[in-house]
Amino acid sequence: GRFKEVKSSVNGQIVTKRVYDADHIVAPGKHEAIIDDETFRLAARIRKERKGLTTPSSSALQNPLSGLIYCQKCGALMTRLAPNKKNRYSTLKCPNRYCDNISSPLFLVERQVLQYLKDWINNFEVENKIISFSPMNNDINIMLDTISKLESEISLLQSQLNRAYDLLEQNIYSIEIFRERQGSLKSSITAAEEQLQKHHTDLDRLYEVQNRQNCFAPKVRHLLDTYHTNSIKINNELLKELIDHITYEKAERNTRGKLENCNFSLHIYPRISS
C-alpha cells in the first residue's frame, strides 16, 4: 500500500494517477526471515553507496579513479564532471552541494595517485635489491633474535628449577626454601612463555605483511608498465586491486596560471599493510 490511486479531472476526462501514500501501513512479516536485520541494513547501505558507480552500456568509462576517491569533508564519493565551455578538462568534484571541498582537474589527481605508486615501487625495489636488509627484513631479524633470547631464558629457568629439585633431594634446600624458589622460578617461566607466544604471533604477522608486499609489488609494476596503453576501464580495475580507497581535500582554489598546482591532499589506503 505504499502507492494509492488518485482520480482527477483533466480537460473533462477522468485521469487516474498512482501517488506515494505517506500513511501506508508497515508491519512485521510473519514468515521466517531469510537474513537478519543487521545484514539487510548493511546490504542496503552498500547498495546506496554504490549507486551511480555503474556505467551505461552505451557509454565507456571516462574516469580511471571511479569508485575510489571520497570527499575528506563529507564522505561522499567524488564524481567526474565532463569538460564544458568553462573547463576544457574533466574535473573531480564532490557531488554534495552543501560541501565546500574544492574540485580539481581529474588528470592532476590521477597523476598524484600514479606518483604514489611509483614512489612505493621504487622504495620497495631499493630496499629489497640494493640494501642488504629492508625495514621489514630488519624487523623480522630483530623479532627472531628476541625469540631466540627468550627461548634461552626459558631453558635456563627450567634448568634452575630442576636444580632446585636436586638441592631439595640432597637436603640442601628446606621445604620452605624450595617452595619459595619453585614459585619464583615458575612465575618467571610463565611470564617468559607468555612473551614468547606474543612474539611468535607478531612474527607471523610480519611474515604475512612481507608476503603481501612481495605479491603486491608485481601488480604495481604491471599497472605502471601498461597504464598508458590500457583502456580506462582496465586501469580502473587494476587500481581497485591495489587501492582500497582514497580521500581528497582541497581548501584553496588554483589562481590564474597555476592550473597544474597540486594544492590538494590525498590519503591513499592501499590493499596492503604498511
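# Tour stops, starting at Arg271

Select Arg271: at 41% relative accessibility, this residue counts as partly exposed (buried is under 20% relative accessible area, exposed over 50%, partly exposed in between, with a 1.4 Å probe and protein chains only). What you have open is a predicted model, where local features need pLDDT of at least 70, side-chain atom pairs need 80 or more, and totals for chains, interfaces and linings use all residues. Numbering starts from 1 along each chain as its sequence is written, and side-chain values use heavy atoms, without hydrogens or water.

**Salt bridges**

Now add Asp244, whose side chain meets that of Arg271 in a salt bridge, 3.3 Å from N to O (a Lys or Arg side-chain nitrogen within 4 Å of an Asp or Glu carboxyl oxygen). The pair links distant parts of the chain, 27 residues apart: Asp244 sits in strand S7 (residues 243–249), and Arg271 in the segment after strand S8 (265–270). Helices (H or I, at least four residues) and strands (E, at least two) are DSSP runs, numbered from the N terminus. Asp244 is partly exposed too, at 37% relative accessible area.

How many salt bridges does a search of the whole structure find? Six, and two others to visit are in helix H4 (residues 175–226). Pick Asp202 and Lys198, with their closest N and O atoms 3.0 Å apart. They are four residues apart in H4, which means about one helical turn between them. Asp202 is buried, with a relative accessible area of 18%.

Slide along H4 to Arg221 and Asp225, another salt bridge, with the closest N and O atoms 3.6 Å apart. These two are also four residues apart, about one turn of the helix. Is Asp225 buried or exposed? Asp225 is exposed, at 53% relative accessible area, while Arg221 is partly exposed, at 28%.

**Into the core**

Select Ile69, Trp120, Val220, Leu239 and Ile243: of the 33 residues in the largest nonpolar core, these touch the most other members (a core is a set of buried Ala, Val, Leu, Ile, Met, Phe, Trp, Tyr and Cys residues joined through side-chain atoms within 4.5 Å). Strand S3 (69–71), helix H2 (106–129), H4, H5 and S7 each supply at least two core residues. H2 gives the most, with nine.

Leu239 takes you to helix H5 (residues 232–242), where the buried residues are Asn235, Asn236, Leu238, Leu239 and Leu242. Look down the H5 axis: the buried residues fall within an arc of 165°, so they line one face of the helix (the arc uses directions from the helix axis to the C-beta atoms).

**A small sheet stop**

Show strands S4, S5 and S6, an open antiparallel sheet in that order (strands pair if DSSP finds at least two bridges between them). S4 (79–81) and S6 (104–105) stand at the edges with a single partner strand each, so one side of each has no neighbour in the sheet. Two bridges join S5 (residues 91–93) to S6; for Leu92, the bridge partner in S6 is Ser104.

**Out to the surface**

Finish with Ile34, Ile35 and Phe40, a nonpolar surface patch with about 380 Å² of accessible area together. Areas come from Shrake-Rupley with a 1.4 Å probe; for residues, only the protein chains shown count as cover. Patch members have over 30% relative accessible area and no salt bridge; like charges are joined within 9 Å, nonpolar side chains (Val, Leu, Ile, Met, Phe, Trp, Tyr) within 5 Å. Ile35 lies in the loop between strand S2 (13–20) and helix H1 (37–50), and is partly exposed at 43% relative accessible area.
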